[in-house]
Amino acid sequence: MDRHIFLVGMPGSGKSALGRRVASKLQIPYLDTDVYLTETTGMDTAQLYQTFGEQAFRDGETRLLQELAGAVPGIISTGGGVCLRECNRRLMKNHGIIVLIDRPIDDIMLDIRAEKRPLLAQKGREEIERIYNERMPIYRAAADVVMDNGKGFHNGLAGLEEIVRQYA
């Protein structure tokens, strides 16, 4: 593998579950930016937001992407807001392939656990739809490849594995 595969998309789209499983199967490095930030700070994403605010959290994501640029290439599942910053999109473009994990909002709503998703915590469907509608054009514009994850987990695994094999 000569470049990273960056997985972007809405919280609940399947980035972490698919990325972790495909990386394990293909025996390539895997990193989840939210998990990494949680492990290095000792706080989950909700606590980081509450303690330091969104700006500091986003700054941490950007610093992590900068560090990863020179690391051994692998699959990197990004937090749902990583793509919101132009500098992050540029970093990912310059150091890998951006794959949008696209999942219908109804499927996301079925699986979402709001307490683990700071921007979605205590928000109803209307707010989640607003975030979805705001972010999807940004994700689509940044993506080199769009993978439909609306046809079940096993189809998603096969789709992502094919993309990784093609672009890695």
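Trainee: Which residues does Val164 touch, not counting residues up to four places away in sequence?

Mentor: In this predicted model, Val164 touches Ile5, Val22, Leu26, Ile28 and Ile75. Val164 itself lies in helix α8.

Trainee: What makes Val164 count as buried or exposed?

Mentor: Its relative accessibility is the value to look at. Buried means under 20%. Val164 has 2%, so Val164 counts as buried.

Trainee: To which core does Val164 belong?

Mentor: Take the largest nonpolar core before that one. It has 28 residues, and Val8, Met10, Met92 and Tyr139 touch the most other members. The elements that give two or more residues to this core include β1 (4–8), α4 (54–68), α5 (86–95) and α7 (125–142). The largest share, six residues, comes from α7. Val164 is in a second, separate core of 16 residues, which also includes Val22, Ala23 and Leu157.

Trainee: What is Tyr139 in contact with, leaving aside its neighbours within four places in sequence?

Mentor: Tyr139 is in contact with Val8, Gly9, Met10, Gly80, Cys83 and Leu100. Val8 and Met10 are also named with Tyr139 among the core residues that touch the most other members.

Trainee: Back to α8. Why are α1 and α8 called oblique to each other?

Mentor: Two packed helices are described by the angle between their axes and the distance between the axes. The axes of α1 and α8 come within 9 Å and cross at roughly 55°. Roughly parallel needs an angle under 35 degrees, and roughly perpendicular needs 65 to 115. The angle of roughly 55° meets neither condition, so α1 and α8 are oblique to each other. Their crossing is right-handed.

Trainee: Which residues of α1 and α8 meet?

Mentor: From α1 they are Ala17, Leu18, Gly19, Arg21, Val22, Lys25 and Leu26. From α8 they are Phe153, Gly156, Leu157, Leu160, Glu161, Val164 and Arg165. By class, this contact has eight nonpolar, two polar and four charged residues.

Trainee: Why are α4 and α5 described as roughly parallel or roughly perpendicular?

Mentor: α4 and α5 pack at an angle of about 15°, with their axes 10 Å apart. Angles under 35 degrees count as roughly parallel. The angle of about 15° falls under that limit, so α4 and α5 are roughly parallel to each other. α4 passes α5 in a left-handed crossing. The contact is made by Thr62, Leu65 and Gln66 of α4 and Cys87, Asn88, Leu91 and Met92 of α5. By class, there are four nonpolar, three polar and no charged residues in this contact.

Trainee: How do you know whether α2 is roughly parallel or roughly perpendicular to α4?

Mentor: The axes of helix α2 (residues 33–41) and α4 come within 11 Å and cross at roughly 105°. Roughly perpendicular covers 65 to 115 degrees. An angle of roughly 105° lies in that range, so α2 is roughly perpendicular to α4. Thr33, Asp34, Tyr36 and Leu37 of α2 make the contact with Phe57, Gly60, Glu61, Leu64 and Glu67 of α4. These residues divide into four nonpolar, two polar and three charged.

Trainee: Ala56 lies in helix α4 too. Why is Ala56 called partly exposed?

Mentor: The term covers values between the buried limit of 20% and the exposed limit of 50%. Ala56 has a relative accessible area of 32%, so Ala56 is partly exposed.

Trainee: How do you know whether Leu110 and Asp106 are exposed or partly exposed?

Mentor: Use those cut-offs again. Leu110 is found in helix α6. Exposed means over 50%, and Leu110 is at 71%, so Leu110 counts as exposed. Asp106 is found in helix α6 as well. Its relative accessible area is 45%, so Asp106 is partly exposed.

Trainee: What makes the phi of Gln27 worth a remark?

Mentor: Most residues other than glycine have a negative phi. Gln27 has a positive phi of about 55° although it is not a glycine. Gln27 is found in the loop between α1 (15–26) and β2 (30–32).

Trainee: Why does Gln27 count as buried or exposed?

Mentor: Exposed means over 50%. Gln27 is at 74% relative accessibility, so Gln27 counts as exposed.

Note on methods:
Residues numbered from 1 in each chain as written. Predicted model: local features only at pLDDT ≥ 70, side-chain atom pairs only at ≥ 80, totals over all residues. Heavy atoms only, no water. Core = buried A, V, L, I, M, F, W, Y, C linked by side-chain atoms within 4.5 Å. Buried < 20%, exposed > 50% of the residue type's maximum accessible area, 1.4 Å probe, protein only. Helix = DSSP H or I, 4+ residues; strand = E, 2+ residues; numbered from the N terminus. Contact = heavy atoms within 4.5 Å. Axes fitted to C-alpha atoms, helices over the stretch in contact; angles between N-to-C directions. Parallel < 35°, antiparallel > 145°, perpendicular 65-115°, else oblique. Left-handed = near helix turned anticlockwise from the far one by under 90°. Nonpolar A, V, L, I, M, F, W, Y, C, P; charged D, E, K, R; others polar.
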